[in-house]
4 protein chains.
Amino acid sequence: MKDEIANLKRSHILEVAGRHFTETGYDATQISAIAKEAEVSIGTIYGFFENKEGLFSEFINAEMERIFRELQEELATISEPIEKLRAMARKKFEYMTRRTNNIREMLNKNPMFLVQASVAKNCPMEHIYILIASVLEELNQTVPLKNNDFIQMAYNFKALGNGYIERWATDERYEFRDKADEVVDFFIDGIKR
Amino acid sequence: MKDEIANLKRSHILEVAGRHFTETGYDATQISAIAKEAEVSIGTIYGFFENKEGLFSEFINAEMERIFRELQEELATISEPIEKLRAMARKKFEYMTRRTNNIREMLNKNPMFLVQASVAKNCPMEHIYILIASVLEELNQTVPLKNNDFIQMAYNFKALGNGYIERWATDERYEFRDKADEVVDFFIDGIKR
Amino acid sequence: MKDEIANLKRSHILEVAGRHFTETGYDATQISAIAKEAEVSIGTIYGFFENKEGLFSEFINAEMERIFRELQEELATISEPIEKLRAMARKKFEYMTRRTNNIREMLNKNPMFLVQASVAKNCPMEHIYILIASVLEELNQTVPLKNNDFIQMAYNFKALGNGYIERWATDERYEFRDKADEVVDFFIDGIKR
Amino acid sequence: MKDEIANLKRSHILEVAGRHFTETGYDATQISAIAKEAEVSIGTIYGFFENKEGLFSEFINAEMERIFRELQEELATISEPIEKLRAMARKKFEYMTRRTNNIREMLNKNPMFLVQASVAKNCPMEHIYILIASVLEELNQTVPLKNNDFIQMAYNFKALGNGYIERWATDERYEFRDKADEVVDFFIDGIKR
DNA sequence: TATGAATGAGGGTTCATTCAT
DNA sequence: AATGAATGAACCCTCATTCAT
């Protein structure tokens with residue numbers, strides 16, 4: 001019971017912290033601001049997390065875990081591998097636009113986010129890359145692929161998505177939300193034999 | 001004469017600053033540390049640059065300008081558009097490995113670098129995207145492309161390269177220096193009709 | 001209880017700060033010096049006051065408020081308006097000599113003090129001018145005054161006092177403490193019809 | 001010849017410096033800004049004046065000397081002592097309004113000016129007080145005065161003027177330029193037997 | 001266990017002053 | 001004599017972290 005409350009509090013802090021890190025950037029984020037918004041004391045945060053860096057790293061891990069689970073659930077309802085890729089691309093674009101109503105500004109203030117996830121300690125995105133790789137392996141059964149380094153292909157898939165996001169971050173008039181299929185088509189043509 | 005010395009000093013500061021920003025990240029970089037390593041006073045740095053942000057922004061701009069010029073020169077010696085793309089990919093990978101002997105650690109401490117350039121004020125990478133786009137337009141003459149948004153394709157090209165770099169940043173055993181051709185092949189297959 | 005301690009600390013800082021501002025002048029006063037003398041940390045000061053200017057402004061306000069209250073209390077015990085003016089002049093002179101044991105040096109290092117109070121944001125001396133004006137209005141009942149701009153007359157009253165203080169600040173041999181009555185006589189003759 | 005040029009340069013610097021000290025306040029005035037506006041080098045300023053404080057002190061002295069001379073000249077054309085006082089009050093008010101087109105703001109940013117002059121090292125206003133005192137002595141021949149401390153009366157005269165200036169500095173709607181006669185009337189009534 | 005006041009090292013920036021040219 | 005680039009001490013303010021209550 002007590003543990004449950006503690007866990008709830010922990011996730012709540014993590015969520016608020018995530019919002020701050022994402023919108024403000026790591027350095028500009030203040031522990032005191034997180035505490036105030038999460039309506040806990042600074043001491044409580046330090047009770048749950050070693051320090052600022054630990055809080056950040058836990059946030060990234062939790063975020064990735066969550067996305068991974070959501071993705072996994074959604075993919076379970078789809079049978080066609082190509083459709084799975086489309087769903088993933090769509091989810092990524094959705095996430096980027098929903099995450100903050102001003103992702104463009106966010107990327108300008110804190111351009112680290114896109115890459116951050118992949119290189120943060122312990123590579124918390126690993127799970128997701130493996131998930132993408134497994135879809136590609138599946139795809140390989142029906143559509144033979146040129147390159148069997150599925151993990152690298154997964155990186156390429158993600159990177160292509162970033163290309164659209166970056167374009168959009170630079171060019172105000174650009175509409176990228178409906179480009180998910182374009183990403184997948186481009187990608188498929190790039191990998192199939 | 002005096003101007004020349006001033007310019008040399010300026011470039012020297014910019015170079016040292018660049019090393020610091022790249023290796024330590026923007027926030028963790030200290031003006032005083034740059035001053036000490038560049039063997040000038042703090043005041044001298046503030047004589048050349050408005051403030052820390054101005055110094056950073058000039059560093060990014062100068063870097064991009066330099067890369068752009070080098071790229072342009074190299075491309076002038078190549079006639080085949082596909083070979084041009086290969087040269088570009090090779091240059092990018094070379095740059096990333098040469099830039100610091102520990103780019104992996106750099107990306108961990110400062111994951112912003114890869115994206116930063118594209119979204120920094122005034123988009124200093126614009127020139128390079130336009131250069132890539134012009135090569136793609138050229139390519140379109142001989143190899144008809146599916147998508148005529150050459151700028152977006154340029155973003156995709158760069159993004160794909162990032163995919164390999166990120167992979168390499170995460171996986172110690174990965175050798176990406178010789179993957180330049182793979183990037184181009186993947187890319188060409190993705191864009192050609 | 002906690003609030004009480006905080007208030008005590010606050011007043012203590014204010015008092016130390018006041019001593020510094022008065023003796024050293026605004027610009028030359030260092031927050032770190034106030035912190036050291038008040039035996040609190042710099043951060044604590046910034047916890048109580050927005051910034052240096054805020055601290056200064058609060059000091060002036062508090063000082064004026066205190067003087068105002070003291071003055072009001074004393075005037076309540078006096079019935080004759082002229083006697084009230086005398087009391088005020090005496091109080092001012094007392095204040096100037098008691099405030100620091102070296103007001104002369106203070107005025108040399110920081111000549112702003114005399115005027116500062118009247119022009120600082122929100123004119124914290126306003127209360128006092130109104131108090132003086134009310135005494136003059138009262139006086140007007142028995143001794144008809146030439147000029148009915150009581151506020152201006154209040155300024156004149158204060159200014160005349162300053163004349164004696166300045167004289168004393170310049171001339172070492174000058175004894176001004178017993179000139180309070182002279183100020184009032186001069187003033188009365190200047191205003192009565 | 002060379003000396004003449006040097007003297008001209010010196011006065012020019014002094015004039016520019018004066019404008020800066022008056023409008024910006026001592027601390028906020030930058031030597032570099034004076035140098036730029038005076039179109040001389042920083043080094044030149046340091047060739048003429050010991051340091052910032054020396055420059056300031058010379059400015060005050062020169063200013064007082066100038067005002068003194070102007071006043072003396074004007075008074076020479078007037079025979080009636082009371083008219084002389086009126087001329088002085090008028091001159092003071094004129095000076096305060098002409099000096100900067102925004103004396104109110106100046107007093108807020110740098111409230112020291114009014115008092116500064118009288119207490120600055122070597123009391124550079126002394127001459128002026130003596131001049132006023134001599135007029136009062138003259139006045140004493142025809143209008144017997146209560147108090148024979150003419151110097152103190154001179155301080156009072158100046159202080160009364162300050163009262164109007166301070167009033168005006170605090171109250172936007174106040175028009176003080178035409179109050180010169182009021183000051184003198186008030187003063188005369190205050191001093192005459 | 002939770003709180004949040006207190007700490008103080010540290011960083012960006014300014015600017016009077018110097019001195020080589 | 002004049003210049004103004006260079007110096008670097010000094011100052012305001014921030015904020016991660018601690019710890020007494």
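**Two DNA strands and a helix pair**

In this predicted model, a polar backbone atom of B:Gly43 sits 3.4 Å from a base nitrogen of DNA strand F. Bases aren't the main story on that strand, though: sugar or phosphate accounts for 70% of the strand F atoms within 4 Å of the protein. For DNA strand E the corresponding share is 72%. Here's a quick tour of both strands, then of a helix pair in chain D.

**DNA strand F**

- There are 26 residues around strand F, and the ones that come nearest are B:Lys9, B:Ser41, B:Thr44, C:Tyr46 and D:Thr44.
- B:Lys9 also makes a phosphate contact, with an N or O atom of its side chain 2.2 Å from a phosphate oxygen of strand F.
- Chain C reaches the backbone of this strand too: a polar side-chain atom of C:Gln30 is 2.8 Å from a phosphate oxygen.
- Helix α3 (42–48) turns up from chains A, B, C and D, each copy giving at least two residues to the surface near strand F.
- The top contributor to that surface is α3(B), with four residues.
- By class, the surface near strand F is made of 10 nonpolar, 12 polar and four charged residues.

**DNA strand E**

- Strand E has 25 residues around it, with A:Thr44, B:Gln30, B:Tyr46, C:Lys9 and C:Thr44 the closest.
- C:Lys9 puts a polar side-chain atom 2.2 Å from a phosphate oxygen of strand E.
- In chain B, the side chain of Lys52 has an N or O atom 3.0 Å from a phosphate oxygen of this strand.
- D:Ile31 joins in through its backbone, where an N or O atom lies 3.0 Å from a phosphate oxygen of strand E.
- Again α3 of chains A, B, C and D each bring at least two residues to the surface near strand E.
- That surface splits into nine nonpolar, 12 polar and four charged residues.

**Helices α1 and α2 of chain D**

- The axes of α1 (residues 2–24) and α2 (residues 31–38) of chain D come within 9 Å and cross at roughly 125°.
- At that angle, α1(D) and α2(D) are therefore oblique to each other.
- The crossing of these two helices is right-handed.
- On the α1(D) side, the contact uses D:His12, D:Ile13, D:Val16, D:Ala17, D:Arg19 and D:His20, which meet D:Ala33, D:Ile34, D:Glu37 and D:Ala38 of α2(D).
- Sorted by class, this α1(D)–α2(D) contact holds six nonpolar, two polar and two charged residues.

Note on methods:
Residues numbered from 1 in each chain as written. Chains lettered and ligands numbered in written order. Predicted model: local features only at pLDDT ≥ 70, side-chain atom pairs only at ≥ 80, totals over all residues. Heavy atoms only, no water. Axes fitted to C-alpha atoms, helices over the stretch in contact; angles between N-to-C directions. Parallel < 35°, antiparallel > 145°, perpendicular 65-115°, else oblique. Left-handed = near helix turned anticlockwise from the far one by under 90°. Contact = heavy atoms within 4.5 Å. Nonpolar A, V, L, I, M, F, W, Y, C, P; charged D, E, K, R; others polar. Near = heavy atom within 4 Å. Polar contact = N/O pair within 3.5 Å; in protein donor to acceptor, adjacent residues only side chain to side chain.
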